[in-house]
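Student: Could you take me through one part of this model closely, beginning with a single residue and its contacts, and then show me how other places in the chain can be read in the same careful way?

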Amino acid sequence: MACILERAALAACLALAVAAPASAQLQAGPGTWSANQTWATDTTNGGALTGYYYWPSTAPALGGKRALVLVLHGCAQTAANDVISSTSDAGYNWKAAADQYGAVILAPNATGNLYGAHCWDWAATNRSRSYGHNAVLLDLINRFVSNPQYAIDPKQIYVAGLSSGGAKTMVLGCVAPDIFAGIGINAGPAPTVSTSQISMVPSGTTSSSVASSCTSWAGSNASHFSTQVAGVIWGTNDYTVAQAYGPLNAAAMRQVYGGTYTKAATVAVPTGGNNVPYLDANGKLRTSEITVTGMGHAWPAGTGGQNSNYVDATKVNYPAFVMDFWFRNNLRVARAAPPSMSSCSASVSGSTITVNGAATDTAGAIGSYRVVLDGPSPVDDSAAGSGASFSKAYAARADGYYSGTVTATNSTTGLTSTACTISQFLVGTAPALQAPSGLAVGARTANSIALSWNASNGATGYNLYRNGARVNGTPLASTNYTDGGLAAATSYTYQVSAVNNSVESAKSTGVTASTTSGFVCTTTTASNYAHVTAGRAYNSGGYALANGSNQNMGLNNTFYTTTLAQTSAGYYIIGNCP
């Protein structure tokens, strides 16, 4: 059972702070979960903190730096078996969200195996940052933030967890509000109660009492609550942790954050449930309360996630939801607009290409321009210039067709503009027009076939040929075409050529495709006798056999009922349409 157990508190007095990251060039990660790691030693609970991390290959979504998310499993769970992706499922389903936002995910295992159930020490009365799981988890975060290769933004650090991990999430959010910009509490009890009080809220435990404790744990860091956000989620069928803890914890965090709040309109949650958002006096979304219909004591992973051992893949995708909530409502990251390319062009003199570009940026000066040219002598220059505009020459380019892009980056914000496109141009003598490559067949119907192909350098249009005859009257401007008015269930061979004014290339290698039959499958459920009488089956030695497939349906009488699917004219199979 994903229960939540307690560890007696020990004395400790030192504080832990997260170091600021050194400046570094943003690196792409491997896009896979790491092997099992060994991190800090837990001098309170025993053993060393172990676990996994996910370093995405995608770019960060906010501020040009990566977010860091600490994910805490529940009791009777482990990071390897339940949180990270495996060959059979996606665990808690964090990979897709990490890829979308370019965030690093940490999935540690609870040290000490508290009470034989791998619980986090959420109920320990010692709330020092240097005690027990607080110490090793904050040390883990510091390891990643202080390592420049991960490019972690200290203003984008979050924590979420289930059950004991959910309660520990709230503990960390209270103990270190300077570290955590957002928290996600999943089915966690208030961390002011004991482990024997998780199934019901004890008398005297209120949002006010919990808020008072939370504020006191923060100590001198309490001012950072003004920029923290909190999400809480629980299931309507959770009978392990009292459902009343959900709204109580959310209300407590609002009181910790201070000020007045407005309850916004309730929003329906995919797969069933409701989300109740609360806005502060400035109109900022600060807390979210999700009630998931029909979910028990579990982490809602969404489609593809694990669907066992307190993980539910049939409900809302919480990683996707909470990441969106954190990123949209982060109050610590300045949301500067990226630079904007105002112009770019290329000119040719002999074998030299000169590229020009200009950009504007409301956040400051342009730190660098990047020029990418595709052609016989390609260019990828990330230091083409800086400032409001630039001009740079690239000599000794081979003859042929080129095209390219220019982007601008602000070195302070790390944000990059959308690409400015340089249309195709020619250096030197035009090469012979080549036949397009990559001719491929797309969607087919009973009377049409879709085709596509790769662009051919120097082409101003294309001709498509069906069985040797040209399909189009004038050259096609695009590299795709749907050929219509065809006969059903008929095979056709296609080729394509490139055109430039009166010059036409050779035809490409041909591809063959067939239209579909146009037959619509239908099903009929009836007695075997009725099927035989209607001609969908025939009698053989007292048995009914489906026409076409000859599948045995059982005795030919009115007492046997069979569903037959007609998949083509005169052809039936037992069962539904494929």
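Tutor: Let us begin with Ser549, which touches Tyr571, Tyr572 and Ile573 when residues up to four places away in sequence are not counted. Please keep in mind throughout that this is a predicted model, and that what I say about it has been computed from that model or, in one case, comes from a UniProt record. Ser549 sits in the loop between strand 31, residues 543-546, and strand 32, residues 552-555. A loop residue may be buried or exposed, and Ser549 counts as buried because its relative accessible area is 19%, while the cut-off for that word is under 20%.

Staying with the last part of the chain, we can turn to Cys521, which lies in the loop between strand 28, residues 511-514, and strand 29, residues 522-527. With a relative accessible area of 25%, Cys521 is partly exposed. Its C-alpha atom is 6.7 Å from that of Ala565, although Cys521 and Ala565 are 44 residues apart in sequence. Once the neighbours within four places in sequence are set aside, Cys521 is in contact with Ala565, Gln566, Thr567, Cys577 and Pro578.

Ala565 appears again when we look at Asn576, which touches Thr523, Thr563 and Ala565, not counting residues up to four places away in sequence. Asn576 belongs to the segment after strand 34, which covers residues 571-574. Its relative accessibility is 59%, and therefore Asn576 counts as exposed. From Asn576 to Thr525 there are 51 residues along the sequence, yet the two C-alpha atoms are 9.6 Å apart in space.

We can now read a residue in a strand by the same steps. Leu70 is found in strand 3, which runs over residues 66-72, and Leu70 is buried, with a relative accessible area of 1%. Leaving aside neighbours within four places in sequence, its contacts are Leu106, Pro108, Leu137, Leu140, Ile141, Tyr158, Val159, Ala160 and Leu172. The C-alpha atom of Leu70 is also separated by 8.8 Å from that of Val104, which is 34 residues away along the chain.

For a residue in a helix, take Arg254, whose place is in helix 6, residues 245-257. Arg254 is buried, and the reason for that word is its relative accessible area of 11%. Beyond residues up to four places away in sequence, Arg254 touches Tyr261, Tyr278, Thr287 and Glu289.

Two further loop residues are worth a look for their backbone angles. Most residues other than glycine have a negative phi. Ala76, in the loop between strand 3 and helix 1, residues 79-83, has instead a positive phi, near 65 degrees. Tyr310, too, has a positive phi although it is not a glycine, with a value of about 70 degrees, and Tyr310 lies in the loop between strand 12, residues 299-300, and strand 13, residues 311-312. As for accessibility, Ala76 is partly exposed at 30% relative accessible area, and Tyr310 is likewise partly exposed, at 24%.

With these residues in mind, we can step back to the chain. It has 8 helices and 34 strands, and buried residues make up 49% of its 578 residues. Of the contacts between residues at least 6 apart in sequence, 65% join residues at least 24 apart. The radius of gyration of the chain is 32 Å, whereas a compact globule of 578 residues would have one near 25 Å. Along its principal axes the C-alpha trace spans about 90 × 85 × 45 Å.

The chain exposes about 23,900 Å², and carbon and sulfur atoms supply 51% of that area. Its side chains include 25 positive and 21 negative ones, and the centres of these two sets lie 4 Å apart.

Finally, we come to the record. UniProt, in an unreviewed entry, lists residues 435-518 as "domain: Fibronectin type-III". In the model, the span of residues 435-518 is 0% helix and 44% strand, and its end C-alpha atoms lie 33 Å apart.

Definitions and conventions: Residues are numbered from 1 along each chain as its sequence is written. This is a predicted model: local features need pLDDT of at least 70, side-chain atom pairs count only at pLDDT 80 or more; totals for chains, interfaces and linings use all residues. Side-chain values use heavy atoms; hydrogens and water are left out. UniProt positions are given in the numbering used here, feature names are shortened, and annotations may be inferred rather than shown by experiment. Helices (H or I, at least four residues) and strands (E, at least two) are DSSP runs, numbered from the N terminus. The radius of gyration is taken over C-alpha atoms; the globule rule is 2.2 Å times the number of residues to the power 0.38. Buried means under 20% relative accessible area, exposed over 50%, partly exposed in between (1.4 Å probe, protein chains only). Contact means heavy atoms within 4.5 Å. Accessible areas come from the Shrake-Rupley method with a 1.4 Å probe; for residues, only the protein chains shown count as cover. Lys and Arg count as positive and Asp and Glu as negative; His and the chain ends are not counted. The place of a charge is taken as NZ of Lys, CZ of Arg, CG of Asp or CD of Glu.
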